[in-house]
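Please open the model in your viewer and show the side chains as sticks, so that the aromatic rings can be picked out one after another. The tour below goes from selection to selection and says what is to be found at each stop.

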Amino acid sequence: EDSPLPVNMKGEDALKAAVEALDLKKFDYMLRECFRMIGNENPENYRLYYKNVEQLIRVVFEAVDFEDISDTELEAEKEDLYAQIRKYADRSSIRNYVLEYLNAFLKKYEAGKRNQEKKPVRVVKDYIREHYQENISLEEMAKLVDLNPVYLSVLFKRSTGVNFNDYLTDIRIAKAKSMLKDTNESIAAIAEQVGYANAKYFSQLFSKVVGINPTVYRQ
């Protein structure tokens, strides 16, 4: 009995890496490369070709981690795809169908993962906007959304374009600017109300972010 040829371990590993990185462009490239590799092996042996294509599909499905789809549902989808490619009698049709299917599959997976990532970041941003005057730390926010602080930091930067501390500072400074314009409260009072107990530190930070000190800004 024929056994599936390994699809060049380097090719498989790169394909898995593209899935895990949600890199759609690299995924499409590596998928095409894998098809090229298996297409060059025993070109007359269709049975072996089917098995290698099924192995490619298996590699992709094993690399994904849908939170809202059960393993049973995922397995059923994979089996449906196997059944579909067996309907084709030529390699070109198999290749084109699988390329289109798996690229669409990863695009759907990527969109789902991005939505999953956005939820904890949205919760943290909402919390900061409501509690900016309190002592807020990345560690506390990580507990709030039940994530590792380092992972939350990566998600936050990827989603907002700035790191957690800079985002918190921006919110506080924006509130301080508003108060400086609209109230007659002292610099120290404003500093405390936006989360800084040390008025001197607040003034230094304000100057660094805005370019002028709070007193000049108010004038």
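Select Arg-172 together with Tyr-196: in this predicted model, Arg-172 lies over the face of Tyr-196, at 5.0 Å from the ring centre. Next, select Arg-91 and Tyr-46, where the charged end of Arg-91 sits over the tyrosine ring, 5.2 Å from its centre.

From charges over rings, turn to rings beside rings, of which the structure holds ten aromatic pairs. Begin with Tyr-88 and Tyr-97, whose rings form a tilted pair, 5.6 Å from centre to centre and with 45° between the planes. If you colour by accessibility, Tyr-88 comes out as partly exposed, because its relative accessible area is 26%, and Tyr-97, at 25% relative accessibility, likewise counts as partly exposed.

Now select Phe-202 and Phe-206, another tilted aromatic pair, for which the centres are 5.8 Å apart and the angle between the planes is 55°. Where do Phe-202 and Phe-206 lie with respect to each other along the helix? They are four residues apart in helix α10, which covers residues 199-210, and therefore about one helical turn separates them. Are Phe-202 and Phe-206 buried or exposed? Phe-202 is buried, and Phe-206 is buried too.

For the last stop, return to Tyr-88 and Tyr-97 and add Phe-61, Tyr-101 and Phe-105 to the selection, since ring pairs link these five residues into a cluster.

Terms used: Residues numbered from 1 in each chain as written. Predicted model: local features only at pLDDT ≥ 70, side-chain atom pairs only at ≥ 80, totals over all residues. Heavy atoms only, no water. Phe/Tyr/Trp six-rings, centres within 6.5 Å; stacked < 30°, edge-to-face > 60°. Buried < 20%, exposed > 50% of the residue type's maximum accessible area, 1.4 Å probe, protein only. Helix = DSSP H or I, 4+ residues; strand = E, 2+ residues; numbered from the N terminus. Lys NZ or Arg CZ within 6 Å of the ring centre and 35° of its normal.
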